[in-house]
Amino acid sequence: MATSIREACLGYGFFYLVNHGVEDELVQRVFDESTKFFSLPIEEKMKLSRKAHRGYSPLYAEKLDPTGSSSKGDAKEGYDIGPLSGKGTEAELNQWPSRVLFPSWRATMESFQEKALLAARQSTSLIALALNLDETFFEKIGAFNNPSRFLRLLHYPGDLRSPDEELCGASAHSDFGMLTLLTNGVPGLQICKEKFDQPRVWEDVLHIDKAFIVNVGDMLERWTNCLFRSTLHRVTPVGEERYSVVFFLNPDEDCVVECIQSCCTESSPPRFPVWKPCRYPPFAVGTT
């Protein structure tokens, strides 16, 4: 398995994770709660407008590719849930919908975030083996003492049309953090393996039932000296509504990110200085 992970991260920066331990029933509950929330009137959703990277962001509020030709933002709306525990009052920054309208929302999202964290850590163990390291490498260096994790719910309306310009659900970007886990059931996700080439060549990422799509973030690319790639990706309109659930994993803010020894040689020395992660959410540069 480690060999397959290595090949996928070298060539694509994306792979599928099955048998991840997150129950199908829980995943479905998350989608049900998400669908119910995004169906609210905009004035109700705006009562939970995003603050401190938590809460609701409306349609066109973000534009992940500032160089894109569209004059509008990305054609999606989202809801962000930050860490459930952490230093200081970090967990208290989360916003939660009314318990009267959404009695199961908070418990569902908290449960999913905890299960997704375990799945993400499972992925990092596989990645460590793929880098010829001990599977507990990232734990031993303190990456998960107090990891930063964010859950993002996304809704892409399916009936948007613009006669004057091409709209993207999520314009071209890479993810800032260590690792991203994504689940959805509708096409639209595309990757560009050679992000510096022009014109860009885009490939569809196929959905596999019950699997998470996992992608390498900028931080892991930095850790591996660009051996594992943080691939440019986007979401294109497919003519139908699209919901996705995204989990972002970032290491502890005190964890030192420096070139992994197995990823550098005399002929390929470290490309980046030693760095410590910040507490900004892993989608500060991009979301899926």
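Reading the terms on this model

Q: What makes strand E3 count as mostly covered?
A: Five of its five residues, 77-81, are buried. Buried means under 20% relative accessible area, exposed over 50%, and partly exposed in between (1.4 Å probe, protein chains only). Glu-77, Tyr-79 and Ile-81 point one way from E3, Gly-78 and Asp-80 the other way, and all are buried. The model is predicted: local features need pLDDT of at least 70, side-chain atom pairs need 80 or more, and totals for chains, interfaces and linings use all residues. Residues are numbered from 1 along each chain as its sequence is written, and side-chain values use heavy atoms, without hydrogens or water.

Q: Why is E3 called a strand?
A: Strands (E) are DSSP runs of at least two residues; helices (H or I) need at least four, and both are numbered from the N terminus. E3 covers residues 77-81, so the label applies.

Q: How do you know that E2 and E3 pair?
A: Pairing takes at least two DSSP bridges between two strands. E2 (residues 55-57) and E3 share three, in the antiparallel sense. Gly-55 stands opposite Asp-80. E3 is also joined to E4 (residues 148-156), antiparallel, by five bridges. There Glu-77 stands opposite His-155.

Q: Which strands stand at the edges of the open sheet, and why?
A: The order of the seven strands is E1-E9-E6-E11-E4-E3-E2, with antiparallel pairing. E1 (14-17) and E2 each have a single partner strand, so one side of each lacks a neighbour in the sheet. From one strand to the next the twist averages 25 degrees.

Q: Why is His-155 called buried?
A: Its relative accessible area is 6%, so His-155 falls under the buried cut-off.

Q: What makes the link between the side chains of His-155 and Glu-77 a polar contact?
A: The term needs a pair of N or O atoms within 3.5 Å; within protein, one must be able to donate a hydrogen and the other to accept it, and residues adjacent in sequence count only if both atoms are side-chain atoms. The distance is 2.7 Å. A second polar contact, of 2.8 Å, joins the side chains of His-155 and Glu-241.

Q: How do you know that the span of helix H4 agrees with its length?
A: The expected span is 1.5 Å times one less than the number of residues. For the 26 residues of H4 (residues 105-130) that gives 38 Å; the end C-alpha atoms lie 37 Å apart, so the two agree. Just after H4, Asn-132 takes a positive phi of about 65 degrees.

Definitions and conventions:
Axes are lines fitted to C-alpha atoms, for helices over the stretch in contact, and angles run from 0 to 180 degrees between N-to-C directions.
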